[in-house]
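Visitor: I should like to learn how the terms used for a protein structure follow from its values. May we go through them together?

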Amino acid sequence: MGKKVVDLTLDDEHMTVGVEDTLQEAAKRLLTISGGVVVVLDADQRVKGVLGQRQLIKALSEGVDASATECHHHMEMDFMTVKLTDSLKGVLADVRLRSPQAVIAVDEHDEFVGYFSPGDYQEAVQLVDNLKGLNL
């Protein structure tokens, strides 16, 4: 039996923010987590992009007013979505092939449920390797 995305802990290493929230708000939320990203959601809880330290620093280096500029102007949109029911083996292959800036997990309604962090990626690799060793 192969492991699936749902078997990972995806509710850590991220915060969420709305597309019209300011970069200042995104920065405040990013500071509350160690590492990770701020996932930018629309009103229907669908992922529109992600903001990490790099995007925030780049925006500030360009002289934007962080208290007035909305997140959607500076978010990274190179993300890949995966379903909770997707196999880890398949997701890992897709990530290696595509190399997205972020991997986001969604439910059957395409609503955000979690962030597939680099730590989750390592955990998935280990789980898949362990299953190989058991010939599963």
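Guide: Let us begin with Q45, which is found in the loop between β2 and β3 of this predicted model.

Visitor: Why is Q45 called partly exposed?

Guide: The relative accessibility of Q45 is 39%. Buried means under 20% and exposed means over 50%, with partly exposed in between. Q45 therefore counts as partly exposed.

Visitor: What makes the phi of Q45 worth a remark?

Guide: Most residues other than glycine have a negative phi. Q45 is not a glycine, and yet its phi is positive, about 65 degrees. E13, in the segment before β1, is also not a glycine and has a positive phi of about 60 degrees. The residue S99, which follows α3, has a positive phi as well, near 50 degrees.

Visitor: Is E13 buried, exposed or partly exposed, and how do you know?

Guide: E13 has a relative accessible area of 27%. Because partly exposed covers the range between 20% and 50%, E13 is partly exposed.

Visitor: How do you know that R29 and E25 form a salt bridge?

Guide: The term requires a side-chain nitrogen of Lys or Arg within 4 Å of a carboxyl oxygen of Asp or Glu. The side chains of R29 and E25 meet at 2.7 Å, N to O, so the pair satisfies the cut-off of 4 Å. Both residues lie in helix α1, 4 residues apart, which is about one turn of the helix. R29 has a relative accessible area of 25% and E25 one of 26%, so each is partly exposed.

Visitor: How many salt bridges are found in the whole structure, and which of them link distant parts of the chain?

Guide: A search finds 5 salt bridges. Among those that link distant parts is the pair of D78 and R98, at 3.0 Å from N to O. D78 is in the loop between α2 and β4, whereas R98 is in helix α3, 20 residues apart. Another is the pair of K83 and D110, at 2.5 Å from N to O. K83 belongs to strand β4 and D110 to the loop between β5 and β6, 27 residues apart. K83 is partly exposed at 28%, and D110 is partly exposed at 39%.

Visitor: What makes L23, A26 and L30 lie on the same side of α1?

Guide: These three residues of helix α1 are buried. They cover an arc of only 55 degrees around the axis, which puts them on the same side of α1. What covers the buried residues of α1 includes β1, β2, β3 and α2.

Visitor: How do you know on which side of α3 the buried residues lie?

Guide: The buried residues of α3 are L88, V91, L92 and V95. Their arc is only 100 degrees around the axis, and therefore they are on the same side of α3. On the other side of α3, K89 and L97 are exposed. A93 also lies in helix α3; with a relative accessible area of 38%, A93 is partly exposed.

Visitor: Why is a set of residues called a nonpolar core?

Guide: The name applies because its members are buried residues of listed kinds, such as Val, Leu and Phe, joined through side-chain atoms within 4.5 Å. The largest such core has 15 residues, of which V5, V82, L88, V91 and F116 touch the most other members. At least two residues each come from β4, α3, β5 and α4, and α3 gives the largest share, 4 residues. Apart from this core lies another, of 13 residues, including V38, L51, L56 and C71.

Visitor: Which residues does V5 touch?

Guide: Leaving out residues up to four places away in sequence, V5 touches L10, V82, K83, L84, D86, L88, V91 and A105.

Visitor: What lines the largest pocket?

Guide: Among the lining residues are L23, Q24, A27, L30, L56, I57 and L60. The elements that give two or more residues to this lining are α1 and α2. The space in the largest pocket is about 190 Å³.

Note on methods. Residues are numbered from 1 along each chain as its sequence is written. This is a predicted model: local features need pLDDT of at least 70, side-chain atom pairs count only at pLDDT 80 or more; totals for chains, interfaces and linings use all residues. Side-chain values use heavy atoms; hydrogens and water are left out. Buried means under 20% relative accessible area, exposed over 50%, partly exposed in between (1.4 Å probe, protein chains only). The arc is that of the directions from the helix axis to the C-beta atoms. Contact means heavy atoms within 4.5 Å. On a 1 Å grid over the protein atoms alone, a cavity is a set of points where a 1.4 Å probe fits but cannot get out, and a pocket is an open set with protein on both sides within 12 Å along at least five of seven lines; lining residues have an atom within 4 Å of a point. Grid points are joined across faces, edges and corners, and a volume is the space filled by probe spheres set on the points.
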